[in-house]
Amino acid sequence: MLVLPNGDHPMNSSACCREIVWERAFAEGNGHVFCNLCGGEVHIGDEWEVSHVGAPAALGGVDTGVAHKFCNREHGLAYVIPMVAKAKRMRRKHIGAAGPGFTDTPLPAGRQSNRIKKLNGKVEPRLPRYGKHARAMAALWPHGRPE
Ligand SMILES: [Zn+2]
């Protein structure tokens, strides 16, 4: 992980940070800079970007390296964007922020509605679990539970 003296992590847009990342990759490659995605050499004059190694930046990754611009863009489109979208969907479902009925247009009488539509077409208020139990017990023993 590369951290600048002021505590920042190198960004792709800053020339001084790009220079630091390049120099580090140059030293690690013994005078050559290699793309961290395809493994090919990045020559002077090639278009290159600061690429996140391992975890993408959107998921908290801070380890960076040099990658060809084409490789980095292709990798982002093919792997990073779908992976980050999936991770966000999974997290929303895990914490209960998303799921059936939590859309912009929930179904009328759907799972999160306070109404229920029965198979016979009748629409009734949705009862909580204890309400259904009380109704069932009242139907079973209308004059109270026998001893
Ligand atoms: Zn490459």
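Mentor: The radius of gyration used here is taken over C-alpha atoms, and the globule rule it is set against is 2.2 Å times the number of residues to the power 0.38. The model is a predicted one, and that rule gives us a starting point for its overall form.

Trainee: What radius of gyration does the protein chain have, and what would a compact globule of 147 residues have?

Mentor: A compact globule of that length would come out near 15 Å, whereas the protein chain has 29 Å. The box filled by its C-alpha atoms, taken along the principal axes, is roughly 90 × 35 × 25 Å. The domain assignment gives domain 1 as 15-94 and domain 2 as 106-142, and the C-alpha centres of these two domains lie 54 Å apart.

Trainee: How many helices and strands are there in the protein chain, and what is the mean pLDDT of the chain?

Mentor: The chain holds three helices and four strands, which run α-β-β-α-β-β-α from the N terminus on. Its pLDDT averages 90, with 91% of the residues scoring at least 70. Among the elements, helix H2 (residues 69-94) has the highest mean pLDDT, 96, and H1 the lowest, 91.

Trainee: How does the end-to-end distance of helix H1 agree with its expected span?

Mentor: At 1.5 Å a residue, the 14 residues of H1 (residues 15-28) should span 20 Å, and the end C-alpha atoms are indeed 20 Å apart, so the two values agree.

Trainee: Which residues of strand S1 are buried on one side and which on the other?

Mentor: The general idea is that in a regular strand the side chains alternate between the two faces of the sheet. In S1, Trp 48, Val 50 and His 52 lie on one side and Glu 49 and Ser 51 on the other, and all of these are buried, which leaves both faces covered. Because five of the five residues of S1 (residues 48-52) are buried, the strand is largely enclosed by the rest of the structure. In the protein chain as a whole, buried residues make up 12% of the 147 residues.

Trainee: Which strand is joined to S1, and do the two run parallel or antiparallel?

Mentor: Five bridges join S1 to strand S2 (residues 64-68), and the two run antiparallel; within this pairing, Glu 49 stands opposite Ala 67 in S2.

Trainee: What is the phi of Asn 30, and where is the residue found?

Mentor: Most residues other than glycine have a negative phi. Asn 30, although it is not a glycine, has a positive phi of about 55 degrees, and it is found in the loop between H1 and S1. With 6 C-beta neighbours inside 10 Å, Asn 30 counts as exposed.

Trainee: What is the phi of Ala 109, and in which loop is its place?

Mentor: Ala 109 also departs from a negative phi, with a positive value near 60 degrees, and its place is in the loop between H2 and S3. It has 14 C-beta neighbours inside 10 Å and so counts as partly exposed.

Trainee: Which residues does Ile 116 touch, if those up to four places away in sequence are not counted?

Mentor: Ile 116, in strand S3 (residues 115-117), touches Ala 109, Glu 124 and Arg 126 on that count. Leu 127 is 11 residues from Ile 116 in sequence and 8.7 Å from it in space, C-alpha to C-alpha. Ile 116 counts as partly exposed because 14 C-beta neighbours lie inside 10 Å.

Conventions. Residues are numbered from 1 along each chain as its sequence is written. This is a predicted model: local features need pLDDT of at least 70, side-chain atom pairs count only at pLDDT 80 or more; totals for chains, interfaces and linings use all residues. Domain bounds come from an automatic or database domain assignment. A residue is buried if 20 or more other C-beta atoms lie within 10 Å of its own, exposed if 12 or fewer, and partly exposed in between; C-beta atoms are placed from the backbone. Two strands pair if DSSP finds at least two bridges between them. The expected span of a helix is 1.5 Å times one less than its number of residues. pLDDT is the predictor's confidence in each residue, from 0 to 100. Two residues are in contact if their C-beta atoms, placed from the backbone, lie within 7 Å.
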